[in-house]
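Welcome, and please load the model in your viewer. We will go from one selection to the next, pausing at each stop to see what is there.

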Amino acid sequence: MKSKRAVLYSALLLGCTLNPLHAQSELSTELPPSFTVTDERAPEEISEVSRLYLDGNLVATFRLGLSKAHETRTIPLPVGRFDVDYALCGEITIVRNGHQETHQVSSEGQLHHPEGHSLDAVGSNNFTDFFLVDYDDSAVATHRHGRAAVCATPNT
């Protein structure tokens, strides 16, 4: 009888020690929280190159043209952060009155718990402002008008 108890006790101890290891391995493979950003070319646009920065770091570049009308990227959040500053910078070439015009557009703002959300890169004010918006939850992205400092091109 004692040997049965010892085997049972050993099995219980082994089971208890293996379960935390199994739980830890599952946690370590968990992906960081993320959100998606979709950039779509407007009908009057010929091309667009836009860059998304989080907390001053480049996290995505979108390249649109006549053969590619939209692109969606999954953006991981920085570790331990749920509110992050963003900047959206771009060069948009449009056709107006039969002539091509290239506009430098940018803005910045803050994302509030964007994990799991789908945001759109939106141009407004005659292609002079460029920002992120979540049409299902306006509280996710706040936008500050004006040019984003990270978007300034260096003078050489």
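Start with the open sheet of five strands, whose order is β3-β2-β5-β6-β9 with antiparallel pairing. Keep in mind as you look around that this is a predicted model. Now colour the two edge strands, β3 (57-64) and β9, each of which pairs on one side only. Look along the sheet, and you can follow how its neighbouring strands are turned against each other, by 25° on average with direction ignored.

Next, select β2 (residues 45-54) together with β5. These two strands pair in the antiparallel sense, over nine bridges. Within this pair, pick R51 and look across to β5: which residue stands opposite R51? You should land on C89.

Stay on C89 and show its side chain. Where does the disulfide from C89 lead? Its partner is C151, with an S to S distance of 1.6 Å. Zoom out a little to see both ends: C89 sits in strand β5 (residues 83-96), while C151 lies in the segment after β9 (141-144). The link therefore ties together distant parts of the chain, 62 residues apart. If you search for others, the count comes to one disulfide.

Now turn the view to the S-S bond itself. The torsion about the bond between C89 and C151 is about -70°, so this disulfide is left-handed.

For the last stop, switch on a surface. Are the two cysteines buried or exposed? C89 is buried, at a relative accessible area of 1%. C151 counts as buried too, because its relative accessibility is 14% and the cut-off is under 20%.

Key
Residues numbered from 1 in each chain as written. Predicted model: local features only at pLDDT ≥ 70, side-chain atom pairs only at ≥ 80, totals over all residues. Heavy atoms only, no water. Disulfide = S-S within 2.5 Å. Helix = DSSP H or I, 4+ residues; strand = E, 2+ residues; numbered from the N terminus. Buried < 20%, exposed > 50% of the residue type's maximum accessible area, 1.4 Å probe, protein only. Pairing = 2+ DSSP bridges. Axes fitted to C-alpha atoms, helices over the stretch in contact; angles between N-to-C directions.
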